[in-house]
Amino acid sequence: MIAQRPPMGWNSWNTFGWNIDDSLIRQMADFMVDAGYLAAGYEYLVIDDCWSLKQRDADGRLVPDPAKFPHGMKALADYVHSRGLKFGMYSCAGARTCAGYPSSYDHEFVDAQTFADWGVDFLKYDFCNFPSSGNCKARYLTMSMALKATGREILFSACNWGQQEPGQWMRQIGAHMYRSTGDIMDNYKSFTDIVKSQLDKLCMSGSYCFNDMDMLTVGMCGKGNVGLGKVCTYEEYRLQFTLWCLCGVPLMMGADLRTLAPEYKALMQNKTLLRINQDIECRAPYVARRDSVCVEDPNPPEGVGPWKHIPDTAFILLRHLSDNEFALFYANLADQGAEVHGEFVDLGLPATSGIALDMTDVFTGEHIGKVTDFYNPHIEAHDCKLYLCKLVKA
Ligand code: GLA
């Protein structure tokens, strides 16, 4: 049984793009194991686009580029497996991959068998150059069946960028995760836009078929293949990682683990955040509040008070975890610090309930204790707070 909980791993695209080879993947495998990522749960090592030759062989099979992968894919898969990891590869539902390499349209069964023969455990399946006359759902189903027909257990990571509301049918066609948006870029706007677009759709995500909000950019700090725009701060990356964990979506790292700063390694191996992400009940968070933060305007227009509202910046999410525990998340997505007001009646706890939340701050470890009625933390710009909570008598 695979993908009972959100899949976790590393993917080559965000940092390396086309610049991939056998020795890089072996080094990353070693790093995932030696630096504790596998022990933390990151088990899939995935090669993205740009691994093959531009032509199939005489038998119509995909061929690994011998300049990049001189030992072939079976040997590389064997090495990855020998380190206790699972091995992932990439193809595309269209006529060519996004980078122009051959892809699997009308070759689904031969390609799935090739991947199975190499020992592949995970297939990311992209959507570039898909014929306009083609039937997207049918083609993803075809690859799903082709993978099943090999008899090998292969996680099917469908990547059609949210076309045709994938949450409505990817579970039915057998996909284990489905990309729901365009590509993430390594900046604050990109990942917050992704989250905002998916919050109301996460109810469709759960065991065996997860909404994939794309690979993490945590710790990339502008290096690599998707480094467009302003480099993120530590707090912004913490916000990204916390949201991916809270939303219960796959955690596919994209940074170069070999050169990752220690604070980002610690963040992506944070036991509490990973426990929330991997919670057995796989529930999406409940959106308790989503509106504006209110900040002081240093130069208010004539006749208007000193307060201004910044739309779609105040977020409070409540996630039910197993064993009667809750994760309570506050974010301030505005460009200025502000108090984010949280009324517990919006969490199902009216003042008459006689029930308090016993709260612990996940980032500082501080035990805040019993809180009733409301909690209004001050949150810096582009930052968040996360609390683990239990229900207690007020
Ligand atoms: C698309 C996908 C990305 C990546 C590239 C590779 O853009 O969405 O995640 O796989 O293709 O070319």
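Is Arg258 buried, partly exposed or exposed? Let's work up to that one, and then some.

This is a predicted model, so local features need pLDDT of at least 70 and side-chain atom pairs count only at pLDDT 80 or more, while totals for chains, interfaces and linings use all residues. Residues are numbered from 1 along each chain as its sequence is written, and side-chain values use heavy atoms, with hydrogens and water left out.

**Exercise 1.** Work out how exposed Arg258 is, and find its salt-bridge partner.

*Solution.*
- Step 1: Take the scale, where buried means under 20% relative accessible area, exposed over 50%, and partly exposed in between (1.4 Å probe, protein chains only).
- Step 2: Arg258 has a relative accessible area of 30%, so call it partly exposed.
- Step 3: Look for a salt bridge, that is, a side-chain nitrogen of Lys or Arg within 4 Å of a carboxyl oxygen of Asp or Glu. Arg258 makes one with Asp256, and the closest N and O atoms are 2.9 Å apart.
- Step 4: Check the partner: Asp256 is buried, at 12% relative accessibility.

**Exercise 2.** Take the salt bridges Arg290–Asp312 and Lys86–Glu43, and say what each one ties together.

*Solution.*
- Step 1: Start with the pair Arg290 and Asp312, whose side chains meet at 2.7 Å, N to O. Arg290 sits in strand β9 (residues 286-296) and Asp312 in strand β10 (residues 307-321), so this bridge links parts 22 residues apart in sequence. For the names, helices (H or I, at least four residues) and strands (E, at least two) are DSSP runs, numbered from the N terminus.
- Step 2: Add the exposure: Arg290 is partly exposed at 29%, and Asp312 is partly exposed at 25%.
- Step 3: Now Lys86 and Glu43, at 3.5 Å, N to O. Lys86 belongs to strand β3 (residues 86-92) and Glu43 to the loop between α3 (37-40) and β2 (44-46), so the parts joined here are 43 residues apart in sequence.
- Step 4: Lys86 is partly exposed, at 28%, and Glu43 is partly exposed at 28%.
- Step 5: Put them in context: the whole structure has 20 salt bridges.

**Exercise 3.** Describe what surrounds the ligand, and which side chains offer it N or O atoms.

*Solution.*
- Step 1: List the shell: Trp13, Asp48, Asp49, Tyr90, Cys98, Lys124, Asp126, Cys159, Trp161, Arg179 and Asp183.
- Step 2: Sort it by class, with Ala, Val, Leu, Ile, Met, Phe, Trp, Tyr, Cys and Pro as nonpolar, Asp, Glu, Lys and Arg as charged, and the others, Gly among them, as polar. You get 5 nonpolar, no polar and 6 charged residues.
- Step 3: Go through the side-chain N or O atoms. One in Asp183 is 2.5 Å from a ligand oxygen, one in Trp161 is 3.1 Å from a ligand oxygen, and one in Arg179 is 3.1 Å from a ligand oxygen.
- Step 4: Check the cover: the protein hides 93% of the 310 Å² of accessible area (Shrake-Rupley method, 1.4 Å probe) that the ligand has on its own.

**Exercise 4.** Trace the strand partners of β14.

*Solution.*
- Step 1: Two strands pair if DSSP finds at least two bridges between them.
- Step 2: β14 (residues 355-361) pairs with β18 (residues 383-393) in the antiparallel sense over 7 bridges. Here Asp358 has Lys390 as its bridge partner.
- Step 3: β14 also pairs antiparallel with β15 (residues 367-371), over 4 bridges, and Thr360 stands opposite His367.
- Step 4: Finish at the hairpin of β14 and β15: there are 5 residues between the strands, and Gly365 takes a positive phi near 80 degrees.

Technical notes: Near = heavy atom within 4 Å. Polar contact = N/O pair within 3.5 Å; in protein donor to acceptor, adjacent residues only side chain to side chain.
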